[in-house]
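The following report covers the overall form of a protein chain, one of its helices and a few backbone angles. The sequence and structure come first.

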Amino acid sequence: MILACHNIDKSFGERAIVRQGSFHIEEREKAALVGINGAGKSTILKMIIGEEPMDNGDVILAKGKTIGYLAQHQDLIPGGTIYDELRSARADIFDLERQIRSIEAEMKSLDNDELKSRLETYNRLQSEYEARNGYACESEIVGVLKGLGFSENDFGKKTDTLSGGQKTRVSLGKLLLADPDILLLDEPTNHLDLNSIAWLETYLMNYPGAVFIVSHDRYFLNRVVTKVVEIENAQIRMYMGNYKAYSLKKQQLRDARLKEYLNQQREIRHQQAVIDKLKSFNREKSIRRAESREKMLEKLKPIEKPADTDTEMHFRLEPSITSGNDVLTVEHLSKQFDDQVLFRDVNFEIKRGEHVAVIGQNGTGKTTLLKILNQVLSADSGSFTLGAKVRIGYYDQEHHVLHDDKTIFEEISDAYPTLGNTQIRSTLAAFQFTGDEVFQEIRSLSGGEKGRVSLAKLMLSEANFLILDEPTNHLDIASKEILEEALNNYSGTILYVSHDRYFINSTASRILELVNQTFVNYIGNYDYYLEKKDELTRAYAPSCNTDENTPGTRAQSGLKLSWQEQKEQQAKERKRRNDLKKTEEEISRLEDRNAQIDHEMTLEDVYSDPARCQELAEEHAENEKHLERLYELWETLAE
């Protein structure tokens with residue numbers, strides 16, 4: 001065991017964060033800390049590192065072990081570069097190298113006795129340098145920086161000029177290179193693109209120390225962790241397994257507790273009815289029996305009712321009118337900022353009812369595309385056309401559609417003036433804003449709270465084409481699952497940008513990846529995208545070192561097919577796979593049936609009945625003919 005929290009208590013005023021909470025982390029174990037927004041996850045990490053005092057309890061770190069902590073907000077040393085920051089994590093190794101180089105310079109001018117003494121020091125330092133993998137230190141720094149999405153051109157950037165997300169990535173890289181015995185990571189996948197998240201997963205799974213992670217990224221947790229520590233209603237519970245195993249076990253336990261609670265309530269009602277009946281007889285004997293039962297009821301330890309899902313966000317998205325079949329047509333669209341080309345000459349269509357996810361690395365232009373479609377930005381060239389009766393509902397990850405100086409109530413009432421006071425309050429209650437909370441100013445809200453206000457406006461819009469930019473940012477896991485359900489039940493059309501792979505897998509019927517300044521189309525969810533990514537990227541978006549405007553580059557792009565050809569080719573491939581599966585199932589069915597006929601022919605009541613024998617023989621022969629055709633078809637499809 002490397003870390004243990006024993007009977008910890010923490011409250012802010014009358015609000016209890018954790019009561020008598022206990023859990024432990026083993027050496028090399030990868031564990032998650034989960035709970036709804038505001039449950040106290042970050043507070044627990046801060047108590048572990050001593051940044052936040054506990055009211056009671058103990059945090060025990062194994063002797064000689066070190067902790068590394070990644071907070072959600074970073075303060076870097078001013079004036080340094082990105083590369084300098086990560087280099088400082090290995091300062092002791094670079095100090096060893098300086099000492100070694102200094103001794104090498106000295107040895108040229110030393111006599112024999114001094115040389116012998118310095119050689120001993122030199123050999124000791126050299127052995128330590130090799131043991132600590134000093135020769136690979138620079139390449140490790142470069143590998144971590146590139147893994148976290150920084151290019152070599154970024155290495156020299158001053159940290160003072162970086163965005164909050166870039167600072168978090170620098171701090172994460174610095175922490176990983178420090179190699180503490182246990183890593184405490186608070187939302188490490190925030191601000192990472194899909195490639196960087198996949199790299200971090202692999203890094204953490206192979207990390208030689210322990211890892212304790214706060215994250216709302218379910219796909220990430222499923223891949224990395226083997227234990228889940230849950231904080232709910234100030235209580236801490238531990239579950240073995242990844243997030244999926246935890247979710248299943250939690251539901252099973254909740255169902256069991258609810259059943260126990262309902263059974264006890266049924267028994268209490270029964271006993272109370274018996275007591276009332278005995279008392280109604282109004283005889284000394286029956287009254288004594290009633291009093292005896294009342295004492296039994298008083299001694300009964302009540303089972304607490306499991307938390308009701310009514311406290312969660314709940315809503316439905318319904319379009320007011322049905323759009324035409326052609327919802328969006330994009331033709332020859334291009335956009336660049338200064339010398340940075342985001343995308344060039346892209347064409348695609350979206351049909352009614354499609355759920356399309358746009359993915360790609362940070363900075364490739366995904367959000368820019370959505371802003372162009374919402375006419376927040378203009379394209380450099382090309383055009384897009386909305387279909388008949390299309391009404392857009394836009395969810396902006398930066399919440400520019402909200403007004404900081406308004407209250408939550410005013411935000412809704414001003415946007416939808418026909419709604420009455422009761423309707424507005426009912427809507428906001430569905431998004432967990434009740435009582436005086438509706439009079440909070442937008443500027444005072446957290447990112448998750450602003451997200452819920454934006455979702456409320458989106459629901460009221462009754463749009464039939466939703467354009468969503470990172471809709472799961474700042475939402476806790478329970479809220480993400482509710483949003484997934486609402487989108488999956490939505491009869492309109494959806495185009496969204498997201499880095500949440502679990503969310504994409506659950507809601508997307510099609511994926512557009514923005515790569516190498518163009519879009520590659522995948523007719524399937526995220527698992528299908530992973531399966532086909534390398535193949536389709538090579539075919540439709542090969543990386544070119546020369547300027548794509550030159551004739552040579554355009555000729556090289558002969559591998560690219562038209563958008564319609566891409567869709568047709570992928571549709572054919574999906575049909576082939578479906579036909580192959582159906583053929584295999586039909587072969588299996590006929591083979592099983594013929595085996596059953598062979599068995600039936602050995603039964604006395606069958607072989608003694610000539611008519612029945614003839615019937616079965618003809619069926620067997622017909623099945624064999626059909627099987628021959630199916631075997632040939634299977635070979636064709638399999639090839």
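E187 lies in the loop that connects β6 (182-186) with α7 (194-205). In this predicted model, the residue has a phi near 55°, a positive value in a residue other than glycine. Most residues other than glycine have a negative phi. With a relative accessible area of 9%, which is under the 20% limit, E187 is buried.

D338 offers a second case of positive phi in a residue other than glycine, again near 55°. D338 is placed in the loop between β10 (326-337) and β11 (340-351). Is D338 buried or exposed? Its relative accessibility is 74%, so D338 counts as exposed, the cut-off for that class being over 50%.

The table sets out the two residues by backbone angle, loop and accessibility.

| Residue | Phi | Loop between | Relative accessible area |
|---|---|---|---|
| E187 | near 55° | β6 (182-186) and α7 (194-205) | 9%, buried |
| D338 | near 55° | β10 (326-337) and β11 (340-351) | 74%, exposed |

Helix α5 comprises residues 137-147, and its buried residues are C137, I141, V144, L145 and G147. These residues cover an arc of only 165° around the axis, which means that they sit on the same side of α5. Which elements do the buried residues of α5 pack against? They pack against α2 (82-88), α3 (91-106), α6 (164-178) and α7. Just after α5 comes G149, with a positive phi of about 95°.

On the scale of the whole molecule, the protein chain contains 21 helices and 18 strands. Its radius of gyration is 32 Å, well over the 26 Å that the globule rule gives for 639 residues, and the chain is therefore more spread out than a compact globule. The C-alpha trace spans about 110 × 85 × 70 Å along its principal axes.

Buried residues make up 43% of the 639 residues of the protein chain. As for contacts between residues at least 6 apart in sequence, 68% join residues at least 24 apart. The accessible surface of the chain amounts to about 33,400 Å², and carbon and sulfur atoms account for 47% of that area.

Finally, the charged side chains of the protein chain number 83 positive and 107 negative, and the centres of these two sets are 5 Å apart.

Methods: Residues numbered from 1 in each chain as written. Predicted model: local features only at pLDDT ≥ 70, side-chain atom pairs only at ≥ 80, totals over all residues. Heavy atoms only, no water. Helix = DSSP H or I, 4+ residues; strand = E, 2+ residues; numbered from the N terminus. Rg over C-alpha atoms; globule rule 2.2 N^0.38 Å. Buried < 20%, exposed > 50% of the residue type's maximum accessible area, 1.4 Å probe, protein only. Contact = heavy atoms within 4.5 Å. Areas by Shrake-Rupley, 256 points an atom, 1.4 Å probe, with all protein chains shown as cover. Lys, Arg positive; Asp, Glu negative; His and termini not counted. Charge placed at Lys NZ, Arg CZ, Asp CG, Glu CD. Arc of directions from axis to C-beta.
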